[in-house]
Amino acid sequence: MNNNYDFIVVGGGIIGMATAYKLAKKNSDKSILVLEKESELASHQTGNNSGVIHSGIYYTPGSLKARNCINGRKQLIEFAKEYNINYELCGKLIAAFEEEELETLKKIYNNGLQNGLNDIRILDQKESKEYEPFIECISSIYVPYAGIIDYRQVVETLSQEFQKINSKNRVLKDIKVTTVKDELEKKVIITSKESFTTNYAIFAAGLYADEMAKKDGVDLDMQIVGFRGDYYNVINEGKNRVKGLIYPVPNIKLPFLGVHLTKMHDGSIEAGPNAVFSFKKEGYSRVSFSFRDTFNAFKFKGLWRLFSGYWKIGVQEYKRAFSKKMFLHSLQRLVPSLKMKEISRGKSGVRAQALNSKGDLIDDFLIEKTKNSLHIINAPSPAATACLAIADDVVKRVSKKV
């Protein structure tokens, strides 16, 4: 087997596969290898998120997040149509339940208009009920651009189409990158099974993006911290109380959107996620623990500074993670008639979030380059929605170097 490739992409999540696909479309004569350490693609953030197609309403106008989300959403929908991927633009409500939330709601609305979302509308209590009959809010924003999609199916389709472009393109699974070296003008990728050489490497390593960057000699004043999000399934009669997507007005100081109700692509209803510090980067249980991951996180001063500023919120989130009653109470704020017997514990996901040494959560996408490699360091939500636009941006940056 030839172990020399024009490009190597490390990471088989939605960002890695979208990048490989776009890179292949632009360089159809080049050989590209994707390396994924798990036995299946999309095993981590991509396959354990809420499956939402985000509109771009929350993000700072002009930011990478805003531009890529809106462009990426349009591309994603076109891709889904072309390849018969399961999706629906069901729309969502961002709902205010107290008078003090109305100012933030208005800010989000104006933000959406600046981002070109001209069809969003502010609704009163009665109008909100026309979309979600069981909601009890005082006002809401209706966002018709939001929807749901099967992101695992998106990744599998990207993988198939990527490999069709050039017979030399390959996706290897169950192969973990252990070392990254430079040899003359080549990048050497040493894995758990064998070594590969390439003219240019692209790293989309998610929760391990910072560690991969350090292996490649990138100097970072930040660290990836994992935040676990737990979900509940809405079952029995509860399923009839949710028509689309229902979100609360978020705390705009934090990059999390709050516990929400989501109609999934298969018709089921999910509730969540919360956001708690994860003691294991890829720990999907409420009691998952890794000494290595915890030690690495706790020796970073930025984490302690984050904890000192948000410890009260953190304590409440941890309590809710272990209390079905508290989780239900959060959901009853959105739909008061939901009952305990109408929710059951569901999956969990872990979100990779970049944190700098000052304790600030890095809100925007973050990409770093070396002489013959590129690292996608921070790609938080709405990265899945924006994947094809992020891939365009990455390919453009790579093209300037190669």
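**Exercise 1. Find which residues touch the most other members of the largest nonpolar core, and which elements supply the core.**

Start with the hubs: in the largest nonpolar core, which has 44 residues, Ile14, Met17, Val154, Leu158, Phe162 and Ile202 touch the most other members. A nonpolar core here is a set of buried Ala, Val, Leu, Ile, Met, Phe, Trp, Tyr and Cys residues joined through side-chain atoms within 4.5 Å. Buried means under 20% relative accessible area, exposed over 50%, and partly exposed in between (1.4 Å probe, protein chains only).

Next, the suppliers. At least two residues each come from strand S1 (4-10), helix H1 (14-26), strand S2 (32-35), helix H2 (64-82), helix H5 (151-165), strand S12 (195-203), strand S20 (373-378) and helix H10 (387-401). H1 gives the largest share, eight residues. The labels are DSSP runs numbered from the N terminus: helices are H or I with at least four residues, strands are E with at least two.

Apart from this core lies another one, of 23 residues, including Cys69, Ala96, Leu117 and Tyr247. As background, nonpolar side chains in soluble globular proteins tend to be buried together.

Before going on, a word on the input: this is a predicted model, where local features need pLDDT of at least 70 and side-chain atom pairs count only at pLDDT 80 or more, while totals for chains, interfaces and linings use all residues. Residues are numbered from 1 along each chain as its sequence is written, and side-chain values use heavy atoms, with hydrogens and water left out.

**Exercise 2. List what Ile202 touches, then place S1 among its partner strands.**

Take Ile202 and skip residues up to four places away in sequence: it touches Ile8, Val9, Val10, Thr19, Leu23, Leu374, Ile376, Val394 and Val398. Contact means heavy atoms within 4.5 Å.

Now look at S1, where six of the seven residues are buried. S1 runs parallel to S12, with six bridges joining them; the partner of Asn4 in S12 is Thr197. S1 also runs parallel to S2, through four bridges, and here Phe7 stands opposite Ile32. Strands count as paired if DSSP finds at least two bridges between them.

**Exercise 3. Work out the order of the open sheet of three strands and find a salt bridge that involves one of its strands.**

The order is S3-S8-S4, with antiparallel pairing. Strand S3 (52-53) and strand S4 (87-88) are the edges, each pairing on one side only. Two bridges join S4 to S8 (residues 147-149), with Tyr87 opposite Ile149.

For the salt bridge, go to Glu88: its side chain meets that of Lys263 at 3.0 Å, N to O. Lys263 lies in strand S15 (residues 260-263) and Glu88 in S4, so the pair ties together parts that are 175 residues apart in sequence. Glu88 counts as partly exposed because its relative accessibility is 33%. The criterion is a side-chain nitrogen of Lys or Arg within 4 Å of a carboxyl oxygen of Asp or Glu, and the structure holds 23 such bridges.

**Exercise 4. Compare the settings of two salt bridges that lie within helices, then describe a network.**

First pair: Glu103 and Lys107 meet at 4.0 Å, N to O. Both sit in helix H3 (residues 102-114), four residues apart, about one turn of the helix. Glu103 is exposed at 55% relative accessible area, and Lys107 is partly exposed at 47%.

Second pair: Glu317 and Arg320 have their closest N and O atoms 2.4 Å apart. They share helix H8 (residues 301-321), three residues apart, again about one turn. Both are buried.

The network links Asp210, Glu211, Lys281, Arg292 and Asp293 by salt bridges. Asp210 belongs to helix H6 (residues 209-215) and is buried, with a relative accessible area of 2%. Leaving aside neighbours within four places in sequence, Asp210 is in contact with Leu220, Gln223, Ile224 and Lys281.

**Exercise 5. Which residues form a nonpolar patch on the surface?**

The answer is Phe289, Phe291 and Phe295, with about 380 Å² of accessible area together. Areas come from the Shrake-Rupley method with a 1.4 Å probe, and for residues only the protein chains shown count as cover. Patch members have over 30% relative accessible area and no salt bridge; like charges are joined within 9 Å, and nonpolar side chains (Val, Leu, Ile, Met, Phe, Trp, Tyr) within 5 Å. To finish, zoom in on Phe291: it is found in helix H7 (residues 291-298) and counts as exposed, at 63% relative accessibility.
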